[in-house]
Amino acid sequence: MTHVATAAPPTDFDLIRSRLSQAMPFTRTIGIEYVELSAERAVLRLPDRADLHNHVGGPHGGAAFTLGDSAAGALSIAAFSDLYDEYIGLLASGTIRYRSIAEGDLTAEARLARRNADIRADLMAHQKARFDVEIAIRDSSGEVRSEMTANIALSPVRP
């Protein structure tokens, strides 16, 4: 018998975005907004709030890291949404480089560091994959104030 590959139904990124907003209590607590989501890019925003500031009046480093982590997670889910019945992605490690003090709202833009097809090939060959997501965090001026790399581990869902 010959198996014919059928195209997966189109991904509803708006549905994923609204479900992420509901499913992530901590991101709701600090007010992260899901601005844009596709299989290639995630853009999230953290509105400026005094209760999220550090001792010099800018966004706290932990808030910036959470924004970047959330952008990486959202991109991981969007890029591999067709696999999330069998696999789950979790942050394995993350590094952030704070370049300068940010002011105002923060926006994180996340992109896969490798091609989606290469990550899928690793997953099929080894039943797990690790991949990096590169995140640029900009402030209200549009300047990149922090850069982050999130390493995501995509592994089988445990029963």
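Here are some friendly notes on the predicted model above, going from the sheet to its helices, its empty spaces and two chosen residues.

1. **The sheet.** A good place to begin is the open sheet of 6 strands, whose order is β1-β2-β4-β5-β6-β3, with antiparallel pairing. The edges are taken by β1 (33-37) and β3 (87-98); each has a single partner strand, so one side of each is left without a neighbour in the sheet. On average, neighbouring strands of this sheet are turned by 25° against each other, direction ignored. As background, strands of a sheet pair through backbone hydrogen bonds, either parallel or antiparallel.

2. **Around β4.** If you follow β4 outwards, you meet two partners. With β2, β4 pairs in the antiparallel sense over 5 bridges, and 6 bridges join β4 to β5, again running antiparallel. E109 is a handy residue to click on here: E109 in β4 is the bridge partner of V43, and A136 in β5 is the bridge partner of E109. As for solvent, β4 is mostly covered, with 5 of its 7 residues buried.

3. **The β3 edge.** Strand β3 is held in the sheet by β6 (residues 144-156), and the two pair in the antiparallel sense over 11 bridges. One pair to look up in this register is G94 with its bridge partner A150 in β6.

4. **Two helices across the strands.** Helix α3 (residues 61-79) lies across β1, β2 (42-46), β3, β4 (106-112), β5 (129-138) and β6. Its direction is at about 40° to β4. Helix α4 (residues 116-126) lies across β3, β4, β5 and β6, and runs at about 150° to β5.

5. **The largest pocket.** Which residues lie nearest the centre of the largest pocket? They are M24, D69, S70, G73 and G89, from a lining of 18 residues. The volume of this pocket is about 320 Å³. Two or more lining residues come from each of α2 (25-30), α3 and β3, and α3 supplies the largest share, 7 residues. So helix α3, which lies across the sheet strands listed above, also has a part in this lining. By class, the lining of the largest pocket has 11 nonpolar, 6 polar and 1 charged residues.

6. **The second largest pocket.** This one has a volume of about 220 Å³. Its lining is made of T11, D12, L15, I16, R19, L20, A23, I77, S81 and Y84. Helix α1 (residues 13-23) gives the most to it, with 5 residues. Sorted by class, the lining of the second largest pocket has 6 nonpolar, 2 polar and 2 charged residues.

7. **An enclosed space.** How many cavities of 30 Å³ or more are there? The count comes to 1, and the largest cavity has a volume of about 40 Å³. L46, P47, D48, R49, L52, H53, P59, G104 and L106 line this cavity, and they divide into 5 nonpolar, 2 polar and 2 charged. For context, rolling a probe the size of a water molecule over the atoms shows where empty space is left.

8. **S76.** Is S76 buried or exposed? S76 lies in helix α3. Its relative accessibility is 2%, under the 20% cut-off, and S76 therefore counts as buried. Leaving aside residues up to four places away in sequence, S76 touches Y84, G89, F131 and I152. Two of these contacts tie back to the pockets: G89 is among the residues nearest the centre of the largest pocket, and Y84 is in the lining of the second largest one.

9. **T149.** The last stop is T149, in strand β6. T149 counts as buried because its relative accessibility is 15%, with the cut-off at under 20%. Not counting residues up to four places away in sequence, T149 touches S93, G94, T95, R97, D132, V133 and E134. G94 in that list is the residue whose bridge partner in β6 is A150. T149 and A136 are 13 residues apart in sequence, and their C-alpha atoms are 9.0 Å apart in space. A136 appeared earlier as the bridge partner of E109.

Terms used. Residues are numbered from 1 along each chain as its sequence is written. This is a predicted model: local features need pLDDT of at least 70, side-chain atom pairs count only at pLDDT 80 or more; totals for chains, interfaces and linings use all residues. Side-chain values use heavy atoms; hydrogens and water are left out. Two strands pair if DSSP finds at least two bridges between them. Helices (H or I, at least four residues) and strands (E, at least two) are DSSP runs, numbered from the N terminus. Axes are lines fitted to C-alpha atoms, for helices over the stretch in contact, and angles run from 0 to 180 degrees between N-to-C directions. Contact means heavy atoms within 4.5 Å. On a 1 Å grid over the protein atoms alone, a cavity is a set of points where a 1.4 Å probe fits but cannot get out, and a pocket is an open set with protein on both sides within 12 Å along at least five of seven lines; lining residues have an atom within 4 Å of a point. Grid points are joined across faces, edges and corners, and a volume is the space filled by probe spheres set on the points. Ala, Val, Leu, Ile, Met, Phe, Trp, Tyr, Cys and Pro count as nonpolar, Asp, Glu, Lys and Arg as charged, and the others, Gly among them, as polar. Buried means under 20% relative accessible area, exposed over 50%, partly exposed in between (1.4 Å probe, protein chains only).
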